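Student: Can we go through this one together? I'd like to know what stands behind the labels people put on it.

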Amino acid sequence: MLVVDCTKDYCVKDISLAPEGWKKIDWVSRFMPVLRAIREDFERRKPFKGVKIAATLHLEMKTAFLLLTLKAAGAEVSAAASNPLSTQDDVVAALAEAGIKVYAIRGETREEYYENMHRALDIGPNIIIDDGADMVSVVHRERQELIDEIWGASEETTTGVIRLRAMERDGVLRFPVIAVNDAYTKYLFDNRYGTGQSTWDGIIRTTNLLIAGKNVVVVGYGWCGRGIAMRARGLGATVIVVEVDPIRALEARMDGFLVMPMREAAKIGDIFITATGNINCIRREHFEVMKDGVILANAGHFDVEISKPDLEALAVEISQPRPNITEYRLADGRRLYLLAEGRLVNLAAADGHPAEIMDMSFALQAKAAEYIKENHERLEPKVYTLPREIDEMVARIKLRAMGIEIEELTEEQKRYLESWEHGT
């Protein structure tokens, strides 16, 4: 990895890229009215004065606006990447220029990824903002000396929340965590509309192929899978859902999609997209029956949902016909194409979720950090859901920014809803 600019306060590819990064940050901030409103409030109140916040997030332009919002609130902020291929080097340079202690370079190795995470932790954070629970996991496994000073953490993703609930269940979680992913204004919008649009943005940018008329296999019908399937249908594809949960499978069928096991879907799919948070959802026995020219993409958090070791074992030749496409040529001549090395295709091969979506998600992160600061002394080492009033506050600001006014209950209606005495 070529590091041009690395000091104790930052490690970036090239600090001179900062002007281009500032342009990106300025652009997205125009479409993030909720976070803008919170930043204005934070700048006035300085709720994080003297507070240290360490973040492991996708370091792109929308994330940058969140980190700058926390700094404007008085915090000392450090950051590392949550995905080696989602880092935007010009944005990271701008953050370094702004005084964020940031350590990330696009394409960093696994060893460099964790080295940079440790650098971000060296500030001795009071609050952690995580994406995938990697930083929280590292603290518990390798940096336990920091735990006494950590008030709590917040988690952005479904995968991360699953890991954190496992830590709580096993009795090893040492500080409270807010599951921001479980807030309504996160998963109903970010996971569904954000993932739905940005996943297809990454696939279409990378392949320049037509979606209409193809069989698209969506693996996992959680909120991310729902969004991907919905957008695939809008693009003219026939959508096949692979699901292990009987209730979600039934919902997918009643939403109008075909449902079948992977062993059957593998034979007819043209484009496969994983969104499960689990390992080896597409593996050797599936690759062996796929058609020539299949596109494989992942929209789950880690690069484990499509088995790369199995692809490598089956391949007689591996090449890269286009950026972000790896071609695996099998012994019988079939070619399978893996996008973005099996990492998050919407971030590794595109710009991630639209600004209007991340506006809500990062507004929740900012308010979750404030909630931790104000309530950590009474919170136990458990996984918590963000209070409903914060969720509703974000929704109301968003509606107001969209010029939408909603109905209000009359006093009579409030009394009726609160009473048990009214009958038919």
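Tutor: Sure, and let's start with the vocabulary: helices (H or I, at least four residues) and strands (E, at least two) are DSSP runs, numbered from the N terminus. This is a predicted model, where local features need pLDDT of at least 70, side-chain atom pairs count only at pLDDT 80 or more, and totals for chains, interfaces and linings use all residues. Residues are numbered from 1 along each chain as its sequence is written, and side-chain values use heavy atoms, with hydrogens and water left out.

Student: Where does asparagine 280 lie, then?

Tutor: Asparagine 280 sits in the loop between β12 (271–274) and α12 (284–287). Its phi is positive, about 55 degrees, although the residue is not a glycine.

Student: Why is asparagine 280 called partly exposed?

Tutor: Buried means under 20% relative accessible area, exposed means over 50%, and partly exposed is in between (1.4 Å probe, protein chains only). Asparagine 280 has 31%, so it gets the middle label.

Student: And what makes alanine 340 buried or exposed?

Tutor: Alanine 340 has a relative accessible area of 0%, which is under the cut-off, so it is buried. Alanine 340 also has a positive phi, near 55 degrees, without being a glycine. You'll find it in the loop between β16 (335–339) and α14 (345–348).

Student: Why does methionine 262 count as buried?

Tutor: Its relative accessibility is 7%, under the 20% limit, so methionine 262 counts as buried. Methionine 262 is in helix α11 (residues 262–268).

Student: Which residues is methionine 262 in contact with?

Tutor: Contact means heavy atoms within 4.5 Å. Leaving aside neighbours within four places in sequence, the partners of methionine 262 include Val217, Val242, Phe272 and His286.

Student: Let's zoom out. How many helices and strands are there?

Tutor: The protein has 17 helices and 17 strands. Its radius of gyration is 22 Å, close to the 22 Å from the globule rule for 424 residues, so the protein is as compact as a globular protein of that length. That radius is taken over C-alpha atoms, and the rule is 2.2 Å times the number of residues to the power 0.38.

Student: What share of the residues counts as buried?

Tutor: Of the 424 residues, 56% do. As for contacts between residues at least 6 apart in sequence, 70% join residues at least 24 apart.
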